[in-house]
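Colleague: Could you take a close look at the buried interior of this model with me? I'd like to know what packs there, and then how that picture fits with the rest of the fold.

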Amino acid sequence: MSRQTSRLDSKKVNSELLTLTYGALVTQIIRDFENIDDVNKQLERIGYNMGIRLIEDFLSRTASTRCLDMRETADKIQQAFRMYLNVQPTISNWAASADEFSLIFDTNPLTEFVELPADMSTLRFSGVLCGCIRGALEMVQLEVHCWFAQDQLKGDGTTEIRVKFIRRLEDAIPAGED
Amino acid sequence: MTIHNLYIFDKFGTLLYYAEWNRIKQSGITREEEAKLMYGMLFSIKSFVNRISPTDPKEGFLFYKTNKYALHYLETASGLRFVLNTDTSAVSVKEFLQQYYAKVWVEYVVKNPLWVPGTPVTSDLFKQKSDQYIRQSSLFASKSA
């Protein structure tokens with residue numbers, strides 16, 4: 001159990017390793033659950049659990065403060081994707097109320113060698129990404145709803161993740177003396 | 001210069017970690033009560049500062065100082081609270097706490113899958129690394145009492 005702090009900043013991994021490891025995970029979950037809805041739920045949950053930890057790493061590297069509006073949030077998410085997956089999603093399709101936007105991916109590193117079989121058309125292969133965004137934002141007191149609007153695996157031209165702001169969570173107040 | 005003690009709270013006020021080095025006077029109450037008092041005070045100061053500030057408070061509460069010691073406070077966007085008591089001559093403690101967060105907390109607590117978020121930290125590796133990091137810092141430089 002000895003970890004060196006010297007290799008802390010430059011832990012680079014070949015993205016193919018991540019892609020294939022993730023593929024193996026999805027395959028295993030499909031084998032375990034068979035029902036695609038359950039698989040989607042599990043992937044979301046795994047993503048959520050990753051997100052609530054990943055946010056700490058992100059905050060410690062960027063020393064970010066809490067976001068004041070969703071535009072700032074969108075920028076930070078974009079920055080996080082660049083940092084962790086080395087892709088640069090485009091932010092677009094803002095709702096008029098400025099509480100909903102899309103992240104457009106030209107390429108998705110998680111689906112590089114993937115083809116969906118016809119009988120799994122409801123599988124959200126990259127579901128962890130949505131869970132991850134949701135989990136991370138929840139830790140900074142933002143409740144959002146996050147889903148795939150388009151997916152290259154399903155024949156769309158680009159992959160599009162839609163993020164919708166639900167509400168700002170309140171800071172907990174200390175428990176009273178009892 | 002010297003560091004007295006360190007508290008780490010989460011956003012619900014749970015004491016996740018406590019460590020002390022040159023603490024000369026004990027509070028005389030249990031650690032749980034002390035943590036509750038400490039968290040309650042920080043919470044009050046924070047809302048007091050935000051309310052009373054004549055301009056936009058931006059970062060809010062940062063530290064306070066008595067003639068014997070100084071209390072430094074760092075709150076991350078995720079609601080973690082780091083509280084470090086030092087003597088009054090310590091400088092740039094905020095940067096130090098930020099570094100501690102990045103190099104010790106994230107590395108040895110957040111990246112430890114056996115730690116359940118929201119529970120006190122029991123990892124020996126973290127305790128050891130944390131102690132080492134504090135002792136090696138320029139702020140520590142043994143006791144001046």
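Modeller: Happy to; what follows starts in the nonpolar interior and works outward to each chain as a whole. Please keep in mind that this is a predicted model.

The largest nonpolar core holds 73 residues, and A:I161 and B:W105 have the most contacts inside it. Its largest share comes from helix 2 (residues 93–110) of chain B, which supplies eleven residues. B:W105 is a good place to stand and look around. Setting aside neighbours within four places in sequence, B:W105 is in contact with B:I8, B:L16, B:L80, B:F82 and B:Y100, and also with B:V110, B:W115, B:V121 and B:F126.

There is also another core, of 13 residues, lying apart from the one around B:W105. Among its members are B:Y7, B:A35, B:M38 and B:I45. Three of those names come back in helix 1 of chain B, where B:A35, B:M38 and B:I45 are listed as buried. That helix covers residues 31–52, and its 22 residues reach 31 Å from the first C-alpha to the last, close to the 32 Å expected at 1.5 Å a residue. An α-helix has 3.6 residues a turn, so residues three or four places apart point the same way. With that in mind, here is the full set of buried residues in helix 1 of chain B: B:E34, B:A35, B:M38, B:Y39, B:G40, B:L42, B:I45 and B:K46. Their cover includes strand 1 (3–9), strand 2 (15–20), strand 3 (63–65), strand 4 (70–75) and strand 5 (81–86) of chain B.

Just past that last strand there is a buried polar site you may like. B:D87 sits in the loop between strand 5 and helix 2 of chain B. B:D87 counts as buried because its relative accessibility is 11%, under the 20% cut-off. Beyond its sequence neighbours within four places, B:D87 is in contact with B:M1, B:T2, B:H4, B:K68, B:Y69 and B:A70. The side chain of B:D87 also makes a polar contact with the side chain of B:S89, at 2.8 Å. Although B:N67 and B:D87 are 20 residues apart in sequence, their C-alpha atoms are 8.9 Å apart in space.

Now across to chain A. A:S60 is in helix 2 (residues 36–62) of that chain, and A:S60 is buried at a relative accessible area of 10%. What does A:S60 touch, leaving out residues up to four places away in sequence? The partners are B:Q98, B:Y101, B:A102 and B:V106. Within chain A, a polar atom of the A:S60 side chain lies 3.0 Å from the backbone oxygen of A:D57.

Another buried position in chain A is A:G23, in helix 1 (residues 15–33), with 18% relative accessibility. A:G23 and A:E112 are 89 residues apart in sequence, yet 9.7 Å apart from C-alpha to C-alpha.

Stepping back, here is how the chains are built. Chain B has three helices and five strands, in the order β-β-α-β-β-β-α-α. Its radius of gyration is 15 Å, which agrees with the value near 15 Å for a compact globule of 145 residues. The C-alpha trace of chain B spans about 45 × 35 × 30 Å along its principal axes, and 48% of its residues count as buried. For contacts in chain B between residues at least 6 apart in sequence, 52% join residues at least 24 apart.

Chain A has four helices and four strands, running α-α-α-β-β-α-β-β from the N terminus. Its radius of gyration of 18 Å is close to the 16 Å that the globule rule gives for 178 residues, so chain A is as compact as a globular protein of that length. Its C-alpha atoms fill a box of roughly 55 × 50 × 40 Å along the principal axes, and 43% of its residues count as buried. Of the contacts in chain A with a separation of 6 or more, 57% come from residues 24 or more positions apart.

Finally, the surfaces. Chain A has an accessible surface of about 10,200 Å², with 52% belonging to carbon and sulfur atoms. For chain B the accessible surface is about 7,600 Å², and carbon and sulfur atoms account for 58% of that.

Terms used. Residues are numbered from 1 along each chain as its sequence is written. Chains are lettered from A and ligands numbered from 1 in the order in which they are written. This is a predicted model: local features need pLDDT of at least 70, side-chain atom pairs count only at pLDDT 80 or more; totals for chains, interfaces and linings use all residues. Side-chain values use heavy atoms; hydrogens and water are left out. Helices (H or I, at least four residues) and strands (E, at least two) are DSSP runs, numbered from the N terminus. Buried means under 20% relative accessible area, exposed over 50%, partly exposed in between (1.4 Å probe, protein chains only). A polar contact is a pair of N or O atoms within 3.5 Å; within protein, one must be able to donate a hydrogen and the other to accept it, and residues adjacent in sequence count only if both atoms are side-chain atoms. Contact means heavy atoms within 4.5 Å. A nonpolar core is a set of buried Ala, Val, Leu, Ile, Met, Phe, Trp, Tyr and Cys residues joined through side-chain atoms within 4.5 Å. The radius of gyration is taken over C-alpha atoms; the globule rule is 2.2 Å times the number of residues to the power 0.38. Accessible areas come from the Shrake-Rupley method with a 1.4 Å probe; for residues, only the protein chains shown count as cover. The expected span of a helix is 1.5 Å times one less than its number of residues.
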